[in-house]
Amino acid sequence: MGVFVLRRLALAVPSLLGISIVLFTVLALAPGDPFAELATNSNVPPEVRVHLRASLGLDDPVALRYLHWLAAMLRGDWGFSFISRIDVTTLIWQRVPVTLALIGSSQLLALAIALPVGTLSAVRPYSWFDRIASTIALAGFSLPTFFTGILLILVFSIKLDWLPFVYRADVEATGWAAAVEHVRQAIMPVVVLGLFQGAGWTRYVRSAVLDVVRLDHVTTARSKGLAERVVITRHVLRNALIPVVTLVALQMPTVFGGAIVTEQIFRIPGIGSLLIDAILRNDTPVIMGVTFVFSVLVILFNLVADLLYGLLDPRIAYR
Amino acid sequence: MSPWGEAWRRFRRHRMAVLSLGVLAALVAAVVLGPFAWHVPIDAIDFSATTQGPSAAHPFGTDDLGQDLLSRMLYGGRISLAVGIAAMGMAVVVGVTIGALAGISRGPVDAALMWVTDLFLSLPQLPLLLLLIYLFREPLKAVFGPEGGVFVMIVLVIGCFGWMQVARLVRAQFFSLREKEFVEAARALGATTPRVVWRHILPNALGPVIVAGTINVAAAIIAESTLSFLGLGFPPDIPTWGRLLFDSKDHLDIAAHWALFPGGAIFLTVMAINFVGDGLRDALDPRRVL
């Protein structure tokens, strides 16, 4: 198992490098010269400008500039935000936990929906339950997060006035009241993201379980006289989860996209809304930093999925 | 019965797919022909009728400037659908090319192309879309004009992130098809590799590509609406459905209709396309008995 983990970690390095190359290429191809302003400023003599460019390494070959940039990113030297005048890393670290909490709890909700519904659908395919669940899953999967968010705000905040629609980090209460308030304002964002994910996953779980239920070892388990519940949870679900884990990992970029939209709708102070604010205010260092963090998170979750994969299917781990 | 006739027979079994095909046809007809029947200009400002609900004069109501939402939605629908179809076209062309190249050439070329595909699959799409738009909006605007520039860019970036699934499917199809007897027979007759690919393998690999392409249209429409909803897609004077939602979200308490119509339109379109994709999957998968 240890070798497997190490091998997976080693495989993550090239993808991280690949992503950093993509990011750097985008940045290098982007129009606009950081020294355009100096060029038009008559107080700065041209030779000073040339010297400045050379001292900052802007005239170096592309490969060298990439290595410099990569080294700076790896050292955690991501520059200063143009707007808030603090370190990009500090700014991002303040906000990462909020985003991770949002994504984590919505994934749990999605799993809590997808596993039972998908399994029940697949155990009795083309029954009434399956037809209704599949139709609802497809509809839910077609509802974009931004529209669900607006619908929930319309119903629960404006019409019924049950839940607050703006997320506030500083709740005016202490102890239990504060905790309750935090939960209340987290309900809608988590539900928006969780339902969207859950609908997609239900389809995956259903088709994966359908594939496994027909296999011989399931028939054997049934003929041994095991209870249906044991057959489904022990013999079917564990095997069905293997392809589901892969598909869920493939969905991670979409999950982060959904988190950005959700944070923007409910004004949650996570890295998604930080990204949008930075783009609207042309805060380039923050934009680059957040994009990089999102890339690293996607790779990290893919890694977790790979490890889970090895855990679920011992044949892969020991190969 | 011809293969396409057989596929149509199977498709008709999927009731929701047939219904969705009808809904989709109606939506396309509405946005293509609608502006010829409904003559209210999309930017006619009328301060005597702001944020009004649906009425005879404005069937879908008006926004905060008194602009008619029906004509804005008909106009925006054209753009949303055009973006969806153009981005799908690009994704399918890129995906089929890469998938076919990887599938026909074994060894290092295949490995390299699949590494690139996996890399693109693990890129965080929305942040990168936003980054690309932030960096390249101005120069493209200068080349293609404000509307054309944004259109070209949005189609390019959405297409760039949609081809991976198609490439994987095509590659998988190539792997099984190139070992089949009829391909061997074509080779024995002296057909060159491009001819084998074009005449014999690709037509047989088309089924999954059609399904993936259909789903791709829905994904592209959602991606475009998401960008517009974040205020980073089309400029404010071009009312795509996502843009209408973005504008409406600060007026939810007084003008719910303003959000419900465009949101409902996106939902209906995407759901109809997904159901049609489901039906096509049933119809074009020969292993499935119907």
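In this predicted model, the largest nonpolar core holds 156 residues, and the members that touch the most others are A:F256, A:L275, A:V290, B:I154, B:V166, B:A220 and B:L245. One of these, A:V290, gives a convenient view of the surroundings: setting aside neighbours within four places in sequence, A:V290 is in contact with A:I92, A:I271, A:L274, A:L275 and A:A278, and also with B:P127 of the other chain.

Chain A itself is built from helices, with 13 helices and 0 strands. Of its 319 residues, 36% count as buried. Among the contacts of chain A between residues at least 6 apart in sequence, 72% join residues that are at least 24 apart.

The meeting of the two chains comes next. Here 38 residues of chain A are in contact with 38 residues of chain B. On the chain A side, the elements that supply two or more residues are α1 (2-29), α6 (128-142), α7 (145-159), α10 (228-266), α11 (271-280) and α12 (284-312). Of these, α12(A) gives the most, with 8 residues. By class, the side of chain A that touches chain B comprises 29 nonpolar and 9 polar residues, with no charged ones.

Within chain B, two helix pairs that share α12(B) are worth a closer look. In one pair, helix α10 (residues 206-229) packs with helix α12 (residues 256-284) at an angle of about 170 degrees, their axes lying 8 Å apart. Because angles over 145 degrees count as roughly antiparallel, α10(B) is roughly antiparallel to α12(B). The α10(B) face includes B:G207, B:I210, B:V211, B:T214 and B:I215, and the residues met in α12(B) include B:I266, B:T269, B:V270, B:I273 and B:N274. In total, the contact of α10(B) with α12(B) has 13 nonpolar, 6 polar and 1 charged residues.

In the other pair, helix α2 (residues 15-37) of chain B and α12(B) have axes that come within 8 Å and cross at roughly 135 degrees. That angle makes α2(B) oblique to α12(B), and the crossing is left-handed. From α2(B), the residues B:M16, B:A17, B:S20, B:L21, B:V23, B:L24 and B:L27 take part, meeting B:L268, B:T269, B:A272, B:I273, B:F275, B:V276, B:D278 and B:G279 of α12(B). The classes in this contact of α2(B) with α12(B) are 11 nonpolar, 3 polar and 1 charged residues. Both B:T269 and B:I273 of α12(B) thus appear in the contact with α10(B) and in the contact with α2(B).

Methods
Residues are numbered from 1 along each chain as its sequence is written. Chains are lettered from A and ligands numbered from 1 in the order in which they are written. This is a predicted model: local features need pLDDT of at least 70, side-chain atom pairs count only at pLDDT 80 or more; totals for chains, interfaces and linings use all residues. Helices (H or I, at least four residues) and strands (E, at least two) are DSSP runs, numbered from the N terminus. A residue is buried if 20 or more other C-beta atoms lie within 10 Å of its own, exposed if 12 or fewer, and partly exposed in between; C-beta atoms are placed from the backbone. Two residues are in contact if their C-beta atoms, placed from the backbone, lie within 7 Å. A nonpolar core is a set of buried Ala, Val, Leu, Ile, Met, Phe, Trp, Tyr and Cys residues joined through C-beta atoms within 7 Å. Ala, Val, Leu, Ile, Met, Phe, Trp, Tyr, Cys and Pro count as nonpolar, Asp, Glu, Lys and Arg as charged, and the others, Gly among them, as polar. Axes are lines fitted to C-alpha atoms, for helices over the stretch in contact, and angles run from 0 to 180 degrees between N-to-C directions. Angles under 35 degrees count as roughly parallel, over 145 as roughly antiparallel, 65 to 115 as roughly perpendicular and the rest as oblique. A crossing is left-handed if the near helix is turned anticlockwise from the far one by less than a right angle, and right-handed if clockwise.
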